[in-house]
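Dear colleague,

Here is the structure I promised to pass on to you, with its sequence. Please have it open while you read, since the notes below refer to it throughout.

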Amino acid sequence: MIVDLTDPTRAVTPTLDGPVLAVLAAAGRAMTVGEIAAQTARGSEIGVRRSLGRLVEQGIVRATEMGRNRVHELNRDHVAAPIAVSLAALRLELWRRLREVLGKWKVRPVYACAFGSAARGDGGPESDIDVLLVHPPFPGEKRHGRSTTLRHVLGAAALDLTLPATTQGDADRWRRQVDDLNPAVRSWTGNPLQVVDMSAFEWAERGRASAALLEEIDRDAVVLFQPATLAAVASKVAKVK
Amino acid sequence: MAAAARTANCGRAEARQRLRSGRAYLEVAELVLDERQRDEFLSVAAGLAVLAGVAASDSICCARLGRRHRGDDHRGAAELLAVAVPDGKALAARLLRLLDVKGEAHYGVIVVSPRKSRDAVKWARALIERAGEEVER
């Protein structure tokens with residue numbers, strides 16, 4: 001069983017009722033059939049119309065005439081309405097669980113995010129869940145390049161101020177944490193987890209090898225673990241003074 | 001409908017882009033807010049918070065409505081935001097409060113008060129967090 005992250009409702013119901021209810025639950029206004037069909041992850045306008053007919057009959061969707069248009073909205077008083085709201089938040093639940101697990105790791109990431117099709121919500125049912133995990137520098141890991149831009153110089157300085165000292169034991173524990181994440185994500189979703197595990201140095205320096213990948217990651221990133229912000233760094237500098 | 005005439009089509013990619021911009025404005029606003037060396041920084045923090053709030057509103061509208069407000073009158077953006085999500089009215093009220101700070105922060109000769117500046121950053125943070133939910137949904 002694999003979750004289609006474009007339409008996670010498919011894991012619960014194969015009919016169009018799932019995505020239609022999810023769209024209506026997330027909406028703040030009554031919508032026409034065309035508007036709903038444009039937002040549902042699958043199905044034709046005819047299919048959406050049929051689904052709405054069923055859902056109106058069940059009372060969970062209200063239909064009203066607005067001028068020449070028939071518009072639909074979720075009946076939030078219906079006993080099943082909370083289920084529709086949950087259907088609209090299945091991907092958010094995945095991010096919440098990942099954040100919770102990463103927040104409990106003994107060896108914390110410096111930064112973590114989901115990226116790629118899972119983060120964009122446009123992959124297929126077979127898509128991997130891509131996650132970037134940036135680990136603190138472990139013994140033996142060194143800086144590679146020389147930072148040239150102000151942003152990267154500041155980034156490197158921020159890392160020096162904020163990174164914890166690590167041991168070989170931390171490196172081993174990190175590896176085990178990453179290993180344990182794989183079966184957890186597969187159990188939550190059915191999808192394989194694809195981890196990009198990168199040292200903080202490589203992440204901050206953005207050398208030639210990783211710059212293009214990191215740019216792509218930044219574009220779609222769903223942040224799962226926040227880096228120390230510049231504000232936090234600034235307050236550390238103030239304390240050092 | 002007047003609002004429809006002042007909107008531009010946009011999608012999830014734009015929603016992500018506007019959210020990234022909004023987060024950048026907010027991050028700098030929070031940084032500047034803590035900087036007490038000059039009173040003017042309070043106005044700068046508030047001004048950046050307004051920009052973050054408008055970006056968050058655009059992001060939510062792009063993600064949920066497939067269109068965003070276009071033009072300088074950001075009050076139209078609040079009208080659109082109000083119908084974009086179930087809690088849109090509350091979010092729109094927050095955006096309007098932020099927009100009230102805009103004139104003072106961007107063009108005013110009086111420095112924005114510390115309390116108002118802090119509130120503006122707080123409202124912007126709430127809007128950005130809500131936009132994050134809609135983009136990541």
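What follows is an account of what was found in it, beginning with chain A and moving on to the contact between the chains and the salt bridges.

Please keep in mind throughout that this is a predicted model. Chain A has 11 helices and six strands, and of its 241 residues 45% count as buried. Among the contacts in chain A with a separation of 6 or more, residues 24 or more positions apart account for 69%.

**Helix α1 of chain A**

A good place to start is helix α1 of chain A, which covers residues 17–26; 10 of its 10 residues are buried, so the helix is largely enclosed by the rest of the structure. The buried residues run from D17(A), G18(A) and P19(A) through V20(A), L21(A), A22(A), V23(A) and L24(A) to A25(A) and A26(A). What do the buried residues of α1(A) pack against? Within chain A they pack against α2 (33–39), α3 (45–58), β1 (61–66), β2 (69–74) and α4 (81–87), and from chain B they are joined by α3 (40–65).

**The hairpin and the loop after it**

Two of those partners, β1(A) and β2(A), run antiparallel and are joined by six bridges; in one of the pairings, E65(A) has R70(A) in β2(A) as its bridge partner. The two strands form a hairpin with two residues between them, and G67(A) in the turn has a positive phi of about 65 degrees.

In the loop between β2 and α4 of chain A you will find N75(A). Is N75(A) buried or exposed? With a relative accessibility of 10%, N75(A) counts as buried, the cut-off for that class being under 20%. The side chain of N75(A) reaches the backbone oxygen of G59(A) at 3.0 Å, and if neighbours within four places in sequence are left aside, N75(A) is in contact with G59(A), I60(A), V61(A), R62(A) and A81(A).

**Where chain A meets chain B**

The contact between the chains takes 23 residues from chain A and 15 residues from chain B. About 1,700 Å² is buried between chain A and chain B, and carbon and sulfur atoms give 49% of that area. Of the area that chain A buries against chain B, A26(A), R29(A) and L92(A) supply 28%, more than any other three residues; A26(A) is also one of the buried residues of α1(A).

Across this interface there are two salt bridges, and one of them may be worth finding on your screen: the side chains of R99(A) and E136(B) meet with N and O 3.0 Å apart. Eight residue pairs are in polar contact across the interface of chain A and chain B. On the side of chain A that touches chain B, at least two residues each come from α1, α5 (90–104), α10 (208–220), β6 (222–225) and α11 (230–240), and α5(A) gives the most, with four residues. The residues of that side divide into 12 nonpolar, three polar and eight charged.

**Salt bridges within the chains**

Over all chains, the structure holds 26 salt bridges. In chain A, R120(A) takes part in a salt bridge with D122(A) at 2.9 Å, N to O, and in another with D220(A), where the closest N and O atoms are 2.7 Å apart. Because R120(A) lies in helix α6 (residues 116–120) and D220(A) in helix α10 of chain A, this pair ties together parts that are 100 residues apart in sequence. As for the surroundings of these side chains, D220(A) is buried, with a relative accessible area of 7%, whereas D122(A) is partly exposed at 46% and R120(A) counts as partly exposed at 24%.

In chain B, R115(B) forms a salt bridge with D119(B), the closest N and O atoms being 4.0 Å apart. How are R115(B) and D119(B) placed in helix α6 of chain B? They are four residues apart in that helix (residues 114–136), so they are separated by about one helical turn; R115(B), at 61% relative accessibility, counts as exposed. Chain B also holds a network of salt bridges that links R64(B), D87(B), R130(B), E133(B), E134(B) and R137(B).

With best wishes

Technical notes. Residues are numbered from 1 along each chain as its sequence is written. Chains are lettered from A and ligands numbered from 1 in the order in which they are written. This is a predicted model: local features need pLDDT of at least 70, side-chain atom pairs count only at pLDDT 80 or more; totals for chains, interfaces and linings use all residues. Side-chain values use heavy atoms; hydrogens and water are left out. Buried means under 20% relative accessible area, exposed over 50%, partly exposed in between (1.4 Å probe, protein chains only). Contact means heavy atoms within 4.5 Å. A polar contact is a pair of N or O atoms within 3.5 Å; within protein, one must be able to donate a hydrogen and the other to accept it, and residues adjacent in sequence count only if both atoms are side-chain atoms. Buried area is the accessible area (1.4 Å probe) that two parts lose on being put together, summed over both. Ala, Val, Leu, Ile, Met, Phe, Trp, Tyr, Cys and Pro count as nonpolar, Asp, Glu, Lys and Arg as charged, and the others, Gly among them, as polar. Two strands pair if DSSP finds at least two bridges between them.
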